[in-house]
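Reader: I would like to learn how to read sheets, burial and aromatic pairs in a model. Please take one feature at a time.

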Amino acid sequence: MLRIAVPNKGSLSEPAVAMLREAGYKQRRDSRELVLADPENDAEFFFLRPRDVAVYVGTGTVDAGITGRDLLLDSGAAAVEHLPLGFARSTFRFAAPAGTMTSTADIAGKRVASSYTTLVGNHLADQGVEPSAIVHLDGAVESSVQLGVADVIADVVETGTTLRAAGLEVFAEPILRSEAVLIRRADADPTNGISVLTRRLQGVLTARQWVLMDYVVPNDLLEAAVGITPGFESPTVSPLHESGWSAVRVMVERATMNRTMDALYDVGARGVLVTSILASRL
């Protein structure tokens, strides 16, 4: 059976479980369950601390896992990103007291506080910057400067409100743009089970990103309408029983579907309908 590690709590947990459920896998109903067998799909799920997922995958204890890109890189485990999953996005930035720093080079000789010390250390090493210390903190990193523990912090930045309240501002380029990822062991080729898991998750991603759009259009306006809806690959065009008209079925990005419908109507298309995609294999 394919052994898959899933975050047992935190911001990664519920979206990961929802995606796996959409992909057709059995998922736990009780948060106290630590192991769940899914014999119909030849899979077994292990619910682990998010920070531990990469470690278990890297040692080969499990075959694959879902974690954050940030947690993967910070773990130092022998695991690699296999597929980005599009949720739990975040941006890691440096921040310091307002007006004191403008570039990564300014960190040289300074103390940096972070919950992701390996990730930050590797980033600074790649930049050729040597801090005086990298201080590991599990939380409330933004308070470390005011309390005299550090000169700079490296943390997840969303709106920046918390940083500003602490008298800090971001500087330099982002350290990392993270999101949830499917990972596997670095020195192992993907198994058939991982290939099936990958196709299923890709199908969920496609279903979430795209919709099916159907419409009818006069043949003399067909090229203009198809130009608005080029589709994932190419639209399907069929003649209607009434001569001079064609029916078009095409995949359209969900985020743009209303603007696309407006544009189609303006060009002369009618009967524009949108249908959600439940699953796909492309």
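Author: The turns below go from domains to the sheet, then to single strands and residues. Keep in mind that this is a predicted model.

Reader: Which domains does the domain assignment give?

Author: It gives domain 1 (2–87 + 179–207), domain 2 (90–177) and domain 3 (210–276). The C-alpha centres of domain 2 and domain 3 lie 49 Å apart.

Reader: What does UniProt list for residues 49–203?

Author: An unreviewed UniProt entry names residues 49–203 "domain: ATP phosphoribosyltransferase catalytic". In the model that span is 28% helix and 32% strand, with its end C-alpha atoms 26 Å apart. The UniProt annotation for residues 207–277, also from an unreviewed entry, reads "domain: Histidine biosynthesis HisG C-terminal". Residues 207–277 are 30% helix and 41% strand, and their end C-alpha atoms are 5 Å apart.

Reader: How should I read a sheet, and in what order do the strands of the open sheet stand?

Author: Strands of a sheet pair through backbone hydrogen bonds, and the pairing is either parallel or antiparallel. Here six strands make an open sheet with mixed pairing, in the order 2-3-1-4-11-5. Strand 2 and strand 5 (79–84) are at the edges with a single partner strand each, so one side of each has no neighbour in the sheet. On average, neighbouring strands of this sheet are turned by 30 degrees against each other, direction ignored.

Reader: Do strand 1 and strand 3 run parallel or antiparallel, and how many bridges join them?

Author: Strand 1 (residues 2–7) runs parallel to strand 3, and six bridges join the two. To find the register, take a bridge partner: L2 is paired with A43 of strand 3.

Reader: And strand 2 with strand 3, parallel or antiparallel?

Author: Strand 2 (residues 35–38) and strand 3 run antiparallel, joined by four bridges. Here D38 is the residue opposite A43. The two strands form a hairpin with four residues between them, and D42 in the turn has a positive phi of about 55 degrees. A43 thus serves as a reference point on both sides of strand 3, with L2 as its bridge partner and D38 opposite.

Reader: How many bridges join strand 4 to strand 11?

Author: Five bridges join strand 4 (residues 64–68) to strand 11 (residues 180–185), and these strands run antiparallel. G65 stands opposite I183 of strand 11.

Reader: Which strands does helix 1 lie across?

Author: Helix 1 (residues 13–22) lies across strand 1, strand 3 and strand 4. Its direction is at about 145 degrees to strand 1.

Reader: Now burial. How many residues of strand 3 are buried?

Author: Residues count as buried under 20% relative accessible area. In strand 3 (residues 43–48) six of the six residues are buried, so the strand is largely enclosed by the rest of the structure. To read the two faces, follow the side chains: A43, F45 and F47 point one way, while E44, F46 and L48 point the other way, and all are buried.

Reader: Where does A133 lie, and what does A133 touch?

Author: A133 lies in strand 8 (residues 133–136). With a relative accessible area of 30%, A133 is partly exposed. Not counting residues up to four places away in sequence, A133 touches K110, R111 and V112. V112 is 21 residues from A133 along the chain, and their C-alpha atoms are separated by 6.2 Å.

Reader: Last, how is an aromatic pair read, and how many does the structure hold?

Author: A pair of aromatic rings is described by the distance of the centres and the angle of the planes. The structure holds four aromatic pairs. One of them is Y25 and F45, edge-to-face, at 5.7 Å centre to centre with 75 degrees between the planes. This pair links distant parts of the chain, since Y25 is in the loop between helix 1 and strand 2 and F45 is in strand 3, 20 residues apart. Y25 counts as buried at 4% relative accessibility, and F45 counts as buried at 0%.

Reader: What are the centre distance and plane angle for W210 and F232?

Author: The W210 and F232 pair is edge-to-face, at 5.2 Å centre to centre and 80 degrees between the planes. W210 belongs to strand 12 (residues 210–218), and F232 to the loop between helix 7 (222–228) and strand 13 (236–239), 22 residues apart. W210 counts as buried at 12% relative accessibility, whereas F232 counts as partly exposed at 38%.

Note on methods: Residues numbered from 1 in each chain as written. Predicted model: local features only at pLDDT ≥ 70, side-chain atom pairs only at ≥ 80, totals over all residues. Heavy atoms only, no water. UniProt positions renumbered as here; feature names shortened; annotations may be inferred. Buried < 20%, exposed > 50% of the residue type's maximum accessible area, 1.4 Å probe, protein only. Pairing = 2+ DSSP bridges. Domains from an automatic or database assignment. Axes fitted to C-alpha atoms, helices over the stretch in contact; angles between N-to-C directions. Contact = heavy atoms within 4.5 Å. Phe/Tyr/Trp six-rings, centres within 6.5 Å; stacked < 30°, edge-to-face > 60°.
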